[in-house]
Amino acid sequence: MDKQRVLRFRAWDRVLNFMVSDLAYFIRMDGTVFFDNGGEYYDQSEKLHVMQFTGLLDSNGVAIYEGDIYRVLVRGWNDGGMGDRWESSLVTFDSGKFSVASAERVEVIGNIYENPDLIPKGEQA
């Protein structure tokens, strides 16, 4: 039996400044987003930035989406010798794939819209 991943999305509402997690919208293959208001369709592409679920959960069971900021526990040498440290990064989608670190401990700590101060230096949202 084929195991297919269900596509899930969320969107940042650029006008009202909040995350919409249960999308009642239609997304075309070209990325255009439409709201269905009883058979009348309204283009919401300028209002919403849609982000896709990666299919992965963090160490706490939180769904990881494009645009999330996460941290990974890195074990190895640091200034004080052998030990653990946390490093942060962004979830991005590029060249047909998501970039999410593979580590023993991964935690979502925010997203690029609600927590822009957490974006690691040198990375762009």
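The largest nonpolar core consists of five residues, namely Ile64, Tyr70, Val72, Val91 and Val106. The model in which this core appears is predicted. One of the core members, Val91, has a contact list that, with residues up to four places away in sequence left out, comprises Thr54, Ile64, Tyr65, Glu66, Gly67, Asp68, Tyr70, Phe98, Ser99 and Val100. Two other core residues, Ile64 and Tyr70, are thus among the residues touched by Val91.

The chain contains twelve strands and zero helices. Its pattern along the sequence is accordingly β-β-β-β-β-β-β-β-β-β-β-β. Of its 125 residues, 29% count as buried. The accessible surface amounts to about 8,600 Å², and carbon and sulfur atoms account for 49% of that area. When contacts between residues at least 6 apart in sequence are considered, 51% of them join residues at least 24 apart.

One open sheet is built from four strands in the order β2-β1-β6-β7, with antiparallel pairing. Strands β2 and β7 form its edges, each pairing on one side only. From one strand to the next, the twist averages 35°. Within this sheet, β1 and β6 run antiparallel and are joined by five bridges. Arg10 has Met51 of β6 as its bridge partner. The loop between β1 (9-13) and β2 (18-20) contains Asn17. Asn17 is not a glycine, yet its phi is positive, at about 55°. With a relative accessible area of 52%, Asn17 is exposed, the cut-off for this class being over 50%.

A second open sheet comprises three strands, ordered β3-β4-β5 and paired in antiparallel fashion. Its edge strands are β3 (25-27) and β5 (40-43), each of which pairs on one side only. Neighbouring strands in this sheet are turned against each other by 30° on average, with direction ignored. Strand β4, covering residues 33-37, runs antiparallel to β5 and is joined to β5 by four bridges. Two of the residues with bridge partners in β5 are Asn37, which is matched with Glu40, and Phe35, which is matched with Tyr42. The hairpin of β4 and β5 has two residues between the strands, and Gly38 in this hairpin adopts a positive phi near 65°.

A search of the whole structure returns three aromatic pairs. In one of them, Phe53 and Tyr65, the ring centres are 5.4 Å apart and the planes stand at 50°, so the pair is classed as tilted. Phe53 belongs to strand β6 (residues 48-57) and Tyr65 to strand β7 (residues 63-65), so the pair ties together parts that are twelve residues apart in sequence. Both residues fall in the buried class: the relative accessible area of Phe53 is 7%, and that of Tyr65 is 11%. Tyr65 is also among the contacts of Val91.

Ile69 is located in strand β8, which spans residues 68-78. Its relative accessibility is 0%, and Ile69 therefore counts as buried. With residues up to four places away in sequence excluded, Ile69 touches Ser89, Leu90, Glu107, Val108, Ile109, Gly110, Asn111, Ile112, Asn115, Leu118, Ile119 and Pro120. The C-alpha atoms of Ile69 and Val91 are separated by 6.3 Å, while the two residues are 22 positions apart in sequence.

Ile112, one of the residues touched by Ile69, lies in the segment after β12 (106-111). Ile112 has a relative accessible area of 15% and is therefore buried, as the limit for that class is under 20%. Between Ile112 and Gly67 the C-alpha to C-alpha distance is 5.7 Å, with a sequence separation of 45 residues. Gly67 is in turn one of the residues in contact with Val91, a member of the five-residue core.

Methods:
Residues numbered from 1 in each chain as written. Predicted model: local features only at pLDDT ≥ 70, side-chain atom pairs only at ≥ 80, totals over all residues. Heavy atoms only, no water. Core = buried A, V, L, I, M, F, W, Y, C linked by side-chain atoms within 4.5 Å. Buried < 20%, exposed > 50% of the residue type's maximum accessible area, 1.4 Å probe, protein only. Contact = heavy atoms within 4.5 Å. Pairing = 2+ DSSP bridges. Axes fitted to C-alpha atoms, helices over the stretch in contact; angles between N-to-C directions. Areas by Shrake-Rupley, 256 points an atom, 1.4 Å probe, with all protein chains shown as cover. Phe/Tyr/Trp six-rings, centres within 6.5 Å; stacked < 30°, edge-to-face > 60°.
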